[in-house]
2 protein chains.
Amino acid sequence: MNTISKNGPTPVTMDTRERILEAAERIFAECGFEATSLRQITREAGVNLAAVNYHFGSKEGLLKELLRMRIVPMNETRQALLERYQFQSQSDDRPASLEQIFDAFLRPYFEAGAPGGDRNGLFMHMLGRVFSEKPGFMESFYEEHFKDIQEIFIAAIREAQPELAEEEVLWRFHFALSLMLSSMTQRQRLKISSHGHCDPDDIEGLILRLIEFICAGFRSPILPKTNFEIVGIKS
Amino acid sequence: MNTISKNGPTPVTMDTRERILEAAERIFAECGFEATSLRQITREAGVNLAAVNYHFGSKEGLLKELLRMRIVPMNETRQALLERYQFQSQSDDRPASLEQIFDAFLRPYFEAGAPGGDRNGLFMHMLGRVFSEKPGFMESFYEEHFKDIQEIFIAAIREAQPELAEEEVLWRFHFALSLMLSSMTQRQRLKISSHGHCDPDDIEGLILRLIEFICAGFRSPILPKTNFEIVGIKS
DNA sequence: GTGGGAATTATACAACTGTTTGAATCTGCG
DNA sequence: CGCAGATTCAAACAGTTGTATAATTCCCAC
């Protein structure tokens, strides 16, 4: 049992388990899952190598625990926020707006790793990386942690956009989700490509812009076969 | 020199170099860069292990060559397509539409790996993975292969949307690019989450829906501080 | 204090990694 | 043919990987 003193008011004892989780989240986010070694994690956590397998069974067990730890409360916040918006709108006898729905969906995600503010962006960066890195891994996690919450939000979208065909709802939700996941892992690209015009660390600005972008996409008219003039694309 | 017979009309001799590239593209796309071993590649390619280092210098050299090989012609196609759209619109004395711009930008990307049709989605899947997997890697490639083409397309967007502030153009282009990259790597997720309602293999449908979604996002009104009613988010 | 389960430790394991080497083989030109 | 350069090959390199195992230390109820 290691005792470290944080600069907070109360000194906190941080046991091996927590120190591993802390270091793992940081390094997974930075280097990805495959490229991160257990020795790297245990070294930075200041614990013994075997501690990972003792506490989490395996490297993958560590990852799963890390995800579970963050995703469960995040989804609870999402649902609570959505229900509040729905309750607010209910007095006017209308469904929650698309903006409210996606605020409830996006905001807890971007703030999941940052309750105190200092771990900002760490978790979702990791999540985005893991999803793009471990193909078979996502399926099991979808079933366990995303299926229900997705159903809830898609139902809310249907209410807000009743004229939109089911297939289009699913396509566009897929776009929204992809955009949400990648806009974190790709944040540093914005810094490079905008030549300093945009501030990727402005999380609130990112959230609002994402909501705006996604809602506009959802309100786009139903797709005709070709809704703009392209003549002779092929060769 | 290995000679294999393809089921096409003309038997094709495929030398070691090409066989490595073919296998590497396939396995990188499936497993990612870090998780793929050279032995896996050379085994499936039917060549000797040392051949990779002989022909490409290193594993990373193989990846770079693979990317260069696909990206250069892809960007040429993008530019040619954009110029054609601009020429078409020019007769009406107006700039190319957002739809045309993003068709020129997206279509060559989604069709890059599939000139004959059978390698569909392989390359961009790999590209998306590599970008999310190798952080420092992207910067150098941005400078070499994306900076110029991005400038060209952003200039076209400015003409199509002159009233949009520069910062917002960059944010939204970032969103569009992120969405393009991730909508390939995340394709199988759509298959799962839509429960068969959507067909992720319908590339043409994907392109058109993406264009529609992105253009709507770009036409969204300029971001006010909060353009929808959220009261008491905190706590 | 003492026993006993929990936790930590150092060490070792087998497997796998990218890369290198030097010899063997092939290819094409004189 | 004969030789030179390009290519392929089996083998080994040193290093790292995740995991397993015993021995040790710690801590708390009794």
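How far is a phosphate oxygen of DNA strand D from a polar backbone atom of A:Leu38? The answer is 2.8 Å, and that's a handy place to start looking around. Keep in mind that this is a predicted model. Two topics are worth your time here: how chain A and chain B meet, and how the protein sits against DNA strand D.

**Where chain A meets chain B**

- Each partner chips in on this contact, with 74 residues from chain A and 74 residues from chain B.
- Put together, the two chains bury about 7,000 Å², and carbon and sulfur atoms give 62% of that area.
- Three residues to pick out on chain A are A:Trp171, A:Arg209 and A:Phe213, which supply 12% of the area that chain A buries against chain B, more than any other three residues.

**Charged and polar links across the interface**

- There are six salt bridges across the interface of chain A and chain B.
- For one you can look up yourself, try A:Arg172 and B:Glu212, which form a salt bridge with their closest N and O atoms 3.2 Å apart.
- As for polar contacts, eight residue pairs make them between chain A and chain B, with both residues at pLDDT 80 or more.

**What chain A's side is built from**

- Quite a few helices of chain A supply at least two residues each to the side that touches chain B, including α1 (16-31), α4 (59-90), α7 (135-160) and α10 (203-218).
- The largest share of that side comes from α8(A), with 14 residues.
- Sorted by type, the residues on the side of chain A that touches chain B come out as 32 nonpolar, 17 polar and 25 charged.

**Around DNA strand D**

- DNA strand D has 15 residues around it, and the ones that come nearest are A:Leu38, A:Arg39, A:Lys59, B:Thr16 and B:His55.
- On the DNA side, sugar and phosphate make up 50% of the strand D atoms that come within 4 Å of the protein.
- Besides A:Leu38, take a look at A:Lys59, where a polar side-chain atom lies 2.9 Å from a phosphate oxygen of DNA strand D.
- A:Asn53 joins in too, with an N or O atom of its side chain 3.4 Å from a phosphate oxygen of DNA strand D.
- Which helices each supply at least two residues of the surface near DNA strand D? They are α2 (38-45) and α3 (50-56) of chain A, along with α3 (50-56) of chain B.
- The one that gives the most is α3(B), with three residues.
- By type, the surface near DNA strand D splits into five nonpolar, seven polar and three charged residues.

Note on methods
Residues are numbered from 1 along each chain as its sequence is written. Chains are lettered from A and ligands numbered from 1 in the order in which they are written. This is a predicted model: local features need pLDDT of at least 70, side-chain atom pairs count only at pLDDT 80 or more; totals for chains, interfaces and linings use all residues. Side-chain values use heavy atoms; hydrogens and water are left out. Contact means heavy atoms within 4.5 Å. Buried area is the accessible area (1.4 Å probe) that two parts lose on being put together, summed over both. A salt bridge is a side-chain nitrogen of Lys or Arg within 4 Å of a carboxyl oxygen of Asp or Glu. A polar contact is a pair of N or O atoms within 3.5 Å; within protein, one must be able to donate a hydrogen and the other to accept it, and residues adjacent in sequence count only if both atoms are side-chain atoms. Helices (H or I, at least four residues) and strands (E, at least two) are DSSP runs, numbered from the N terminus. Ala, Val, Leu, Ile, Met, Phe, Trp, Tyr, Cys and Pro count as nonpolar, Asp, Glu, Lys and Arg as charged, and the others, Gly among them, as polar. A residue is near a molecule or strand if one of its heavy atoms lies within 4 Å of it.
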